[in-house]
Amino acid sequence: MQIPFLSFSSQHHPIREEVLAAIARVYDSQWYVLGQSVTDFEAAYAAFNQVENCIGVANGLDALHLSLIALNIGPGDEVIVPSNTYIATWLAVSFVGATPVPVEPNAATYNLDPALIEAAITPRTKAIMPVHLYGQACEMTAIMDIARRHNLVVVEDNAQAQGATADGGVTGSFGNANGTSFYPGKNLGALGDGGAITTNDAEVAQRLRSLRNYGSQKKYYNEVIGYNSRLDELQAAVLSVKLPYLPDWTAQRQQVAARYTELLAGVEGLQLPIVAAGSTHVYHLYVVRTARRDALQQHLTAQGIGTLIHYPVPPHLQQAYAHLQMTAGQYPIAEELAATSLSLPMWPGMTEEHVLVVAEAVRSFFN
């Protein structure tokens, strides 16, 4: 049996007519940029995320970048970031001229370790950017407490955890401004790039609406130097169709993850995901760890099972950040995660047979 790492079929096929009808409405409206579809989706996603404001932008990186600008982070400032994350988190900091300051994760959950944050704070620190990695919520109560004590702003990177919760609050609702991505592979994915910023701060929201649109709130009148980063009308229409299905798709992901965990429990040499107390996990990815990662991946590939490595090189060892002069061994947890992590197939609509085949293939490797 061929099992892809990711398949959209079970999500997209049942809603095909709804999506095509939504696209047709945009086509027929003859209004294609910042129209009613974006307005409607922003309202719906704000409600889903339990915030007052949602600002649709072109992609997840822009969401983080513009959030930092709106919160007045710039040259000379430092921003605390996870040592293990997709590089977009760091790039957003670099785009505003600030310096990313890595902090190691909790080795069990892979998320930013609150116990290590305060040691990294200096007089130049202005923000913390927690990443809800792989779909698990960070320990946001502790992170927000640290931010308040040190007068720092928080920008959540919520690209992988739409709908996850921490101590009862929804990810993307804790920080001062929070970015998410609607890249097609995300739990809530568009049919191309897309992103959004969520915030309860009306002034920040107003600033962001201007920043995404050339620094303008009224056509041809530009208050600030802005950007062209607007969620597309067509993508917003598609996302509005998909959003009501997200809770069910999330439940399916969680059911698949539970079966993986049940079937793979006790395999010697294989570490399974651990969910932190008070947090929920929406399983954007189901990531296992083993010192024999590359051999396991080859074994699964040979049996027709797709996998991916998230992420093979941590940001501090990327050539893009050579100027920061960080060295191998400086962030050992991030480096170990990069060397040992493997993402198994995970998508809504995976059948019991799919999960059994993957689990048996993994077990056969270790046996």
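## Salt bridges, buried residues and a domain interface

Modeller: A search of the whole structure turns up eleven salt bridges. The model is predicted: local features need pLDDT of at least 70 and side-chain atom pairs count only at pLDDT 80 or more, while totals for chains, interfaces and linings use all residues. Residues are numbered from 1 along each chain as its sequence is written, and side-chain values use heavy atoms, with hydrogens and water left out.

Biologist: Let's start with a pair. Why are Arg124 and Glu78 called a salt bridge?

Modeller: The term asks for a side-chain nitrogen of Lys or Arg within 4 Å of a carboxyl oxygen of Asp or Glu. For Arg124 and Glu78 the N to O distance is 3.7 Å, so the pair meets the rule.

Biologist: And what does the pair of Arg124 and Glu78 tie together?

Modeller: Arg124 sits in the loop between helix H6 (114–117) and strand E4 (125–128), and Glu78 in strand E2 (residues 78–82), so the salt bridge joins parts 46 residues apart in sequence. Helices (H or I, at least four residues) and strands (E, at least two) are DSSP runs, numbered from the N terminus.

Biologist: How do you know whether Arg124 and Glu78 are buried or exposed?

Modeller: Under 20% relative accessible area is buried, over 50% is exposed and anything in between is partly exposed (1.4 Å probe, protein chains only). Glu78 has 11%, so it is buried, whereas Arg124, at 41%, is partly exposed.

Biologist: Which residues does Arg259 join in one network?

Modeller: Two salt bridges are involved here. Arg259 meets Glu262 at 2.8 Å, N to O, and its closest N and O atoms with Glu352 are 2.5 Å apart. The shared partner puts Arg259, Glu262 and Glu352 into one network.

Biologist: How far apart in sequence are the partners?

Modeller: Arg259 and Glu262 both belong to helix H10 (residues 246–264), three residues apart, about one turn of the helix. An α-helix has 3.6 residues a turn, so residues three or four places apart point the same way. Glu352, in helix H13 (residues 352–366), is 93 residues from Arg259, and this pair links distant parts of the chain. As for accessibility, Glu262 has 53% and is exposed, while Arg259 at 22% and Glu352 at 38% are partly exposed.

Biologist: What makes helix H4 mostly covered?

Modeller: Nine of the eleven residues of H4 (residues 60–70) are buried, among them Asp62, His65 and Leu68. These buried residues pack against strand E1 (53–57), H5, strand E8 (178–181), strand E9 (195–199) and helix H8 (202–211), where contact means heavy atoms within 4.5 Å.

Biologist: What makes the approach of Asn59 to Leu61 close enough for a polar contact?

Modeller: A polar contact is a pair of N or O atoms within 3.5 Å; within protein, one must be able to donate a hydrogen and the other to accept it, and residues adjacent in sequence count only if both atoms are side-chain atoms. At the start of H4, a side-chain oxygen of Asn59 comes to within 3.2 Å of the backbone nitrogen of Leu61, so the distance is inside that limit. At the start of H8, a side-chain oxygen of Asp201 likewise reaches to within 3.0 Å of the backbone nitrogen of Glu203.

Biologist: Now the domains. How do you know where domain 1 and domain 2 begin and end?

Modeller: The bounds, 8–243 for domain 1 and 245–366 for domain 2, come from an automatic or database domain assignment. Their centres, taken over C-alpha atoms, are 24 Å apart. The contact takes 43 residues from domain 1 and 37 from domain 2.

Biologist: What is the area buried between domain 1 and domain 2?

Modeller: About 3,500 Å², with carbon and sulfur atoms giving 59%. That counts the accessible area (1.4 Å probe) the two parts lose on being put together, summed over both. On the domain 1 side, Tyr110, Tyr134 and Asn187 lose the most, together 21% of what that side buries.

Biologist: How many polar contacts and salt bridges cross from domain 1 to domain 2?

Modeller: There are 25 residue pairs in polar contact, yet zero salt bridges by the rule.

Biologist: And what stands out about Tyr110?

Modeller: Tyr110 has a positive phi of about 75° although it is not a glycine. Tyr110 lies in the loop between E3 and H6 and has a relative accessible area of 4%, so it is buried. Tyr220 also has a positive phi of about 75°, but at 69% relative accessibility Tyr220 is exposed.
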